[in-house]
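Reader: I am new to this structure and would like a close look at one single part of it. Please set that part in its surroundings as you go.

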Amino acid sequence: MEWDYGYQEDFTAPTSGLFVINEGNFQYGNATLSFYDPLTHQVENEVFFRANAMKLGDVAQSMLIRGNVGWVVVNNSHVVFAINTTTFKEVGRITNLTSPRYMHFVSDTKAYITQLWDNRIFIVNPKTYQITGHIQCPNMTMESGSTEQMVQKGKYVYVNCWSYQNRILKIDTETDQIVGELQVGVQPTSLALDAYGKLWTVTDGGYEGSPYGYEAPSLYRIDPETFTIEKKFMFAMGDSPSEVQLNGDKTKLYWINDAIWSMPVTAETIPVDPFLPAQNTIYYGLTVCPTSDDVYIADAIDYVQQGKIYRYSSDGKLLDEFYAGIIPGAFCWK
Amino acid sequence: MSKKIGIVCLLFALFAGAMAQENATKGKLGRGVALHDVIIYGKRPLKEIGTQKTAFDSTQLKENISLSMADVLTYNSSIFVKNYGRATLSTVSFRGTSPSHTQVTWNGMRINNPMLGMTDFSMIPSYFIDDASLLHGTSSVNETGGGLGGLVRMTTKPANADGFGLQYIQGVGSFNSFDEFLRLTYGNRHWQVSTRAVLSTSPNNYTYRNHDKKENIYDENMNIIDQYYPIEENKSGAYQDFHFLQEAYYNTGTGHRLGLNAWYIQSKRELPLLTTDYADNTAFENVQREQTFRGVLSWDFLRSQYKVAAKAGYIYTYMAYDYKRDVGNGIMANMTESRSKVNTAYAQAEGEYYWGKERLFSANLAFYQHFVETKDKNIIKIEGGNAIVGYKKARPELTGSLSVKWQPIDRLGMSVVVREEMYGSEWSPIIPAFFIDGVLWERINLMAKASVSRNYRFPTLNDMYFLPGGNPNLKKENGWTYDAGLSFAVGRENLYTLSGSATWFDSYINDWIIWLPTTKGFFSPRNIKDVHAYGVELKANASFCLAKNWTLTLDGSFSWTPSINNGDPLSPADQSVGKQLPYVPEYSANVTGRISYKTFSFLYKWCYYSERYTMSSNDITLTGKLPTYFMSNIAIEKNLLFSFADFSIKFNINNLFNEEYLSVLSRPMPGINFQLFLGITPKWR
């Protein structure tokens with residue numbers, strides 16, 4: 001068997017663009033990273049591999065950028081890679097994580113990394129790539145532990161707890177302690193903070209037969225100041241809403257529920273018609289360009305081939321489409 | 001009237017375990033070479049009319065005590081063995097189908113795991129199997145339903161011992177691997193009793209160059225100043241497998257035969273880390289433990305015109321999977337604690353009746369009752385207290401068949417099989433199969449065979465009930481399979497034998513069940529693909545007597561197995577239609593050569609798999625490559641014969657050319673490695 005490894009390509013990525021985080025298949029180590037230039041409509045796939053001559057790993061979960069460094073969380077490889085967002089070359093890595101999901105920067109020297117199957121949120125120093133501490137989450141065992149996406153308002157970071165959980169946790173970033181928790185529906189999947197300082201989360205409702213409960217999913221608007229639910233929008237039983245996203249000025253909400261849906265954050269009811277109907281597609285990832293408001297939707301197709309990304313204008317016109325990697329599940333704007 | 005061509009050739013010099021095994025039962029070891037009859041019948045057994053069968057002889061099965069059936073099938077058959085690493089899950093699939101389309105029987109009892117549908121062949125030591133054969137495609141309907149790809153049939157046999165016998169073999173290999181085999185036998189005119197035990201242990205920490213990751217070297221400011229591909233150990237790969245097999249057979253001498261087979265397995269295996277895993281393996285524990293008992297009681301009554309038989313059996317399997325990590329204080333905390341128990345009761349009755357010498361009627365009815373309990377996760381409920389995520393289900397399964405086999409003239413045979421199956425409360429439609437064969441040219445025993453069948457496979461219990469994701473609304477997979485082929489066999493006494501076959505097959509499988517991720521974050525099975533699997537299988541065997549005491553045998557097979565997704569595109573973006581299924585090699589081949597001189601023998605084994613796709617679209621990417629690989633093993637053996645005992649010494653080299661290869665993405669395989677086996681067979685008289 002011949003190995004054609006070892007060759008590293010030199011990239012110079014444009015100053016802005018879109019990273020597509022392709023999960024790959026669980027246990028196959030075939031996660032990849034793609035980079036799309038919205039101006040030229042050019043896409044480069046497998047950029048991590050091509051720039052570093054090594055694999056990204058198993059189940060790439062999320063990515064965020066701070067400065068000119070991108071932090072790619074690779075869940076089942078137990079690693080977070082730091083890459084230069086222009087060359088895509090690795091600049092460092094954080095290891096010894098349990099099952100990392102998302103990363104959030106509190107400062108240049110402190111970040112949180114949420115975990116699945118762990119009742120702790122890891123505190124790391126991104127400068128040294130070292131784990132510096134943990135935040136212990138209440139009423140959670142290692143086996144049922146799940147912390148996910150994070151948003152920050154003031155000195156507080158809010159975290160949704162998803163797998164066999166039903167809570168939003170509130171962390172004081174000065175003390176690294178949980179200072180509050182809010183019960184929502186079964187399994188909140190994602191979290192966003194709108195222009196008016198309100199939190200949004202959507203639950204998936206669990207699944208039929210789950211001993212944790214099975215209910216109609218809901219979209220929640222939460223006031224982080226009082227840490228109470230302001231509004232609850234219910235979906236039909238059996239629906240699977242996910243991926244709450246906001247447009248550039250954070251006044252319009254988008255999510256996946258078979259089709260793609262959107263509504264102003266001030267709306268009182270869920271719209272009757274979707275932004276984009278499903279067309280034998282398996283919409284798996286969603287993002288909105290913070291500058292153009294173009295909507296990018298990932299179709300995983302059959303989950304074992306390169307997924308396709310569709311780019312729509314904010315009024316629903318198809319602008320571009322391209323293939324990325326296996327199971328494109330997350331995006332990150334540069 | 002059978003026409004026996006009767007070719008007798010000096011064949012097969014003694015081979016490590018094989019002959020030692022054989023002679024342990026006879027109480028003595030023959031000097032030099034064994035006589036092996038190759039008998040070719042102009043009139044073949046009625047039972048095998050039209051069947052496509054690959055049989056394994058004891059030389060192949062007993063070649064090495066450390067081999068699993070997965071290893072035997074890799075080097076001696078055309079079916080695809082998907083190997084997740086040394087001493088880890090190994091599944092087999094026929095003709096481009098999936099592992100759950102392969103039915104597996106042991107002493108007549110189906111042993112596919114009712115939760116998963118498939119069988120782990122790495123957990124079946126070849127030394128515990130005395131007779132094995134593959135029934136390809138349509139031919140599996142003769143034995144059971146659901147074998148959309150085929151059936152692997154394994155049996156044990158009476159030891160044919162006269163008095164007490166003992167055999168002990170010790171194996172020592174690379175990576176601190178130790179294999180021990182003990183067999184005790186006793187036999188007389190009525191009784192044959194055998195006890196076998198195998199213990200295999202290894203830390204399995206072979207090293208390999210990891211091409212999938214790099215190690216960083218940092219300066220004092222945490223800037224990367226260099227990187228390199230590390231030489232890594234196979235982390236978390238240790239195993240300890242113990243097998244115990246007790247057999248007793250009683251032959252009344254009046255046509256009645258009673259048998260007992262009881263097989264116990266205790267296994268503890270760590271699950272190796274992927275090549276892309278950056279975890280500190282000392283901080284994690286990833287272990288699978290299994291205890292399995294399989295027992296079969298059998299009764300046969302034989303008369304010249306008919307046979308009746310009954311079997312009763314029981315299977316118990318306990319599987320535990322623990323995934324733990326050190327939370328920093330040395331205490332390993334559970335991340336996953338999964339448990340499953342399967343209890344299966346089995347009963348079977350069958351009868352055969354020969355109406356003259358040209359007709360055979362047979363009937364078979366088998367019943368299985370499964371009780372399954374799984375516990376996959378311990379959670380805290382919303383209202384407080386704990387709950388287990390899992391399921392508990394029972395399912396009866398019934399499979400019965402009627403068949404008529406007819407040979408109106410010596411050169412022509414036909415067979416019809418009608419089978420019916422029930423899983424739970426659901427019945428399959430009638431499963432029909434038709435076989436025909438004929439001798440075209442007696443001189444070279446040129447024979448043509450053809451068959452056709454319809455078959456169904458019911459969803460497994462996990463497919464239907466696993467939490468989360470089980471889908472009780474799944475439909476049965478179903479398909480048509482067509483086979484046609486030619487075979488020949490020629491030879492000359494004391495000079496050579498030559499045989500070969502070519503088979504074309506064509507299968508259409510609809511409503512193929514695959515597990516796909518859902519937007520809720522878990523996997524769920526769905527009936528998705530319609531698959532067209534077709535191709536050609538070629539087999540050849542040659543044996544030569546080169547000179548006095550010198551023999552040479554060559555076995556080989558080649559398969560061409562396109563397995564094409566024929567379904568409708570899932571969306572306009574779907575690029576998988578018309579493409580080869582992932583992980584199914586289009587071409588595969590193997591060759592085994594053996595040369596022997598008196599008590600010395602040399603074996604060379606070679607196998608080849610073409611590139612396998614990892615994507616349904618057949619795109620080949622940098623991260624999704626499973627290139628072609630060739631594998632070569634050699635073995636040298638010498639037997640030493642004394643008046644008080646026989647000794648055997650054998651040396652194996654596996655992966656002779658130290659090939660870096662993968663069978664599955666991110667699962668490293670060992671490089672060149674060595675094994676030494678010493679065997680002793682005392683002579684009591």
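**A strand and its chain**

Author: A compact globule of 685 residues would have a radius of gyration near 26 Å, and chain B agrees, because its own value is 26 Å; this radius is taken over C-alpha atoms, and the globule rule is 2.2 Å times the number of residues to the power 0.38. The model is predicted, so that local features need pLDDT of at least 70 and side-chain atom pairs count only at pLDDT 80 or more, while totals for chains, interfaces and linings use all residues. Residues are numbered from 1 along each chain as its sequence is written, and chains are lettered from A and ligands numbered from 1 in the order in which they are written.

Along its principal axes, the C-alpha trace of chain B spans about 85 × 60 × 45 Å. Chain B holds 4 helices and 41 strands, both being DSSP runs numbered from the N terminus (helices are H or I with at least four residues, strands E with at least two). Of its 685 residues, 46% count as buried, a word used when 20 or more other C-beta atoms, placed from the backbone, lie within 10 Å of a residue's own (exposed is 12 or fewer, partly exposed is in between). Among contacts in chain B between residues at least 6 apart in sequence, 66% join residues at least 24 apart, where a contact is two C-beta atoms, placed from the backbone, within 7 Å.

The part to look at closely is strand β12 of chain B, residues 191–202. Its side chains alternate: Gln192(B), Ser194(B), Arg196(B), Val198(B), Ser200(B) and Ser202(B) point to one face and are buried, while Trp191(B), Val193(B), Thr195(B), Ala197(B), Leu199(B) and Thr201(B) point to the other and are not.

On one hand, β12(B) pairs in the antiparallel sense with β11(B), residues 177–187, over 10 bridges, and two strands pair if DSSP finds at least two bridges between them. β11(B) and β12(B) form a hairpin, with 3 residues between them. Within this pairing, Thr195(B) of β12(B) is the bridge partner of Leu184(B).

On the other hand, β12(B) pairs with β17(B), residues 239–251, which is again antiparallel and runs over 12 bridges. Here Arg196(B), one of the buried residues of β12(B), stands opposite Leu245(B) in β17(B).

Leu245(B) leads on to the interior, since a separate, second core of 60 residues includes Leu67(B), Val81(B), Leu245(B) and Ile265(B); a nonpolar core is a set of buried Ala, Val, Leu, Ile, Met, Phe, Trp, Tyr and Cys residues joined through C-beta atoms within 7 Å. The largest core has 99 residues, and Ile21(A), Val72(A) and Val80(A) have the most contacts inside it.

Beyond the strand lies the partner chain: 60 residues of chain B are in contact with 61 residues of chain A. The elements giving two or more residues to the side of chain B that touches chain A are β21 (332–355), β23 (377–380), β24 (386–389) and β31 (496–517) of chain B, and β21(B) gives the most, with 5 residues. By class, that side has 27 nonpolar, 19 polar and 14 charged residues, where Ala, Val, Leu, Ile, Met, Phe, Trp, Tyr, Cys and Pro count as nonpolar, Asp, Glu, Lys and Arg as charged, and the others, Gly among them, as polar.
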